[in-house]
Amino acid sequence: MSFAFYNRTDVIKEMKSTAYDLVIIGGGITGAGVARDAASRGMKVALVEAQDYAQGTSSRSSKLIHGGIRYLENMEFHLVFEALSERALLFQMAPHMVHPLRFLLPLYKDSRVGMFKMGLGMWLYDALSLFRAPKLHERLNAKQSVDRISVLQAKELVGSYVYSDAYMDDDRLVIETLRSAHKMGADLVSYVKATGATKQNEKLKSIKCKDLLSGEEFEVQGKHFVSTVGPWTDELGENLLGQWKKMMRPSKGIHITLDRNRLPLPCAVVLATGADNRIIFGIPRHEMIIIGTTDTDYKGDPKDVHSNVDDVRYLLKVVDQYFPGAKLTRDDILASYAGVRPLVHDGSDTESKTSREHVIVCDPRNMTFVAGGKYTTYRRMAEQSVDKILRTFFSPKERSKFKNPNTKCALNNKVTVEAFSEAQSRVSELVQKTHFPKNDVQVLVDRHGMEAFDIVQQYFSPDIKSTWEMEAHFAIDEGACGRLDDFYLRRAPLFLSRKDHGYKMLDDLSQIFAKRLVWSEDEHKSNINSILKHEEFELSWKKRI
Ligand SMILES: Cc1cc2nc3c(=O)[nH]c(=O)nc-3n(C[C@H](O)[C@H](O)[C@H](O)COP(=O)(O)OP(=O)(O)OC[C@H]3O[C@@H](n4cnc5c(N)ncnc54)[C@H](O)[C@@H]3O)c2cc1C
């Protein structure tokens with residue numbers, strides 16, 4: 001069975017009749033990591049996700065895989081070392097989703113840290129990566145810095161450092177991790193919400209679930225249950241366990257996206273804000289520049305999070321301070337997105353000081369809560385979680401049935417590092433075959449490596465008008481994509497990276513979904529409406545700025 005949305009009825013049928021070793025609630029990067037880790041040990045795994053996979057925080061990050069240069073200042077060397085080791089692994093595990101990127105960090109006369117101290121930090125950052133960063137750091141004087149980034153504010157610039165980290169596709173990293181877990185035998189289903197629990201002697205025995213598409217209610221039985229619901233942790237704890245002490249301190253972060261031509265950054269730039277001592281990134285990607293993020297306490301429902309006028313003004317002000325020559329205005333903003341950090345309460349005075357470390361809390365009522373952390377370390381966090389669960393809730397005899405985890409291998413065996421570079425050298429073959437513009441084919445190959453060849457082989461025909469139409473077929477068959485907004489907002493960067501949000505292709509793409517998923521006229525309309533509604537909701541600040 002492929003990892004396709006249209007197989008969900010069979011998956012639910014299987015879930016109703018199976019007793020699982022581990023039942024995971026929440027299909028963001030944390031749940032995906034735990035599912036893959038547990039399945040790789042030979043555990044029988046089920047995962048339910050209430051929305052689309054990655055629709056929570058996991059599609060709303062800065063999309064960086066990074067060691068966290070700012071942790072050096074707090075002497076949290078172990079955190080940086082761990083994150084840099086995982087970064088090195090992710091380059092191997094997912095070369096089509098995690099790409100090396102250079103970051104320029106400019107220092108001005110009034111910067112909090114001077115060139116000398118920052119230089120020490122840079123050496124330490126390279127050392128903690130065991131000098132295996134894609135490229136070691138460079139020191140530039142003011143002129144060299146402006147030569148590198150012509151739009152950079154030159155007034156009072158002292159110099160800059162350039163170092164390596166990486167950018168990634170957050171939503172696709174979740175999908176590929178889940179696809180790998182699925183291949184290892186995990187049963188996964190989206191649009192199914194955990195609504196309650198059945199207990200025996202105060203211990204969870206099964207979870208009550210509701211299929212949000214059909215309305216059907218059913219139960220899933222497990223030996224143990226894991227919550228990976230990020231910012232929804234307190235809500236789920238209360239619903240499933242009853243008595244619950246709140247543990248989360250959610251914080252909101254937004255990003256804006258810009259056309260690369262309006263802010264031509266050849267590398268990422270680290271923008272330090274003076275007043276609140278925060279770091280904001282300007283990140284160039286294939287399709288766009290991402291600017292973000294903000295960090296403010298958030299008390300609402302994570303589902304309702306969206307950017308507001310103050311958030312957008314704040315980011316525009318920082319951009320204007322660093323790139324005054326670009327003269328960016330609200331009209332240059334293509335789109336915005338907002339997410340809720342699942343931070344765990346640690347008593348800090350401000351949201352930005354709250355620790356980004358994860359916690360694994362084993363509740364004796366037979367449920368483990370995994371929360372906090374970051375993308376970069378998701379594989380390690382999953383391994384630690386499953387180790388702890390096995391030690392705490394499974395007997396030595398039960399544990400002996402399972403193998404050691406096997407999660408350091410490529411997420412997709414068609415996209416190893418070698419296969420990825422082979423694909424890069426064969427882009428012209430696909431251009432010849434499809435006659436699509438070279439740039440579009442290059443994007444397809446960058447996103448899928450050698451699997452791009454399978455995609456073209458399977459879906460290209462003279463009726464296909466763009467590479468995105470082939471991507472839509474592939475997302476339906478192999479990416480559990482079942483709705484138009486899943487595609488526009490997560491499987492493909494169309495909404496975020498284009499002034500028209502990709503609506504020029506809406507007719508053609510929606511026809512593909514309608515035909516493949518056998519939609520009624522009403523379903524077709526409601527799918528189109530929900531993208532338009534998302535636009536109205538998320539970009540409502542445009543009317544007020
Ligand atoms: C603005 C911002 C920028 C960030 N940038 C970075 C970065 O650049 N690099 C980095 O490493 N990290 C970054 N992070 C952190 C990272 O994105 C998060 O730590 C990570 O995505 C959290 O994933 P998660 O799976 O724990 O939570 P989520 O992605 O929120 O997943 C939880 C899932 O649980 C589901 N769920 C909730 N309730 C139920 C229920 N009852 N039944 C079933 N399912 C349910 C939700 O629908 C959701 O999909 C950033 C975070 C933010 C907010």
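Let's start at the ligand: its surrounding shell is made up of 13 nonpolar, 19 polar and six charged residues. Here Ala, Val, Leu, Ile, Met, Phe, Trp, Tyr, Cys and Pro count as nonpolar, Asp, Glu, Lys and Arg as charged, and the others, Gly among them, as polar. Keep in mind that this is a predicted model, where local features need pLDDT of at least 70, side-chain atom pairs count only at pLDDT 80 or more, and totals for chains, interfaces and linings use all residues. Residue numbers run from 1 along each chain as its sequence is written.

In total, 38 residues surround the ligand, the closest being Gly 26, Gly 28, Gly 56, Gly 230 and Gly 253; a residue is near a molecule if its C-beta atom, placed from the backbone, lies within 6 Å of it. At least two shell residues come from each of α2 (29-40), β8 and β16 (333-341). Helices (H or I, at least four residues) and strands (E, at least two) are DSSP runs, numbered from the N terminus.

Now zoom out to the domains, whose bounds come from an automatic or database domain assignment. The ligand lies between domain 1 (5-57 + 171-249 + 358-399) and domain 2 (61-169 + 250-341), because both give residues to its shell. The protein chain also has domain 3 (417-543).

Turning to domain 3, 17 residues of domain 2 are in contact with 20 of its residues, contact meaning C-beta atoms, placed from the backbone, within 7 Å. On the domain 2 side, α8 (309-322) and β16 are the elements giving two or more residues, and β16 has the largest share, four residues.

Note on methods. Two residues are in contact if their C-beta atoms, placed from the backbone, lie within 7 Å.
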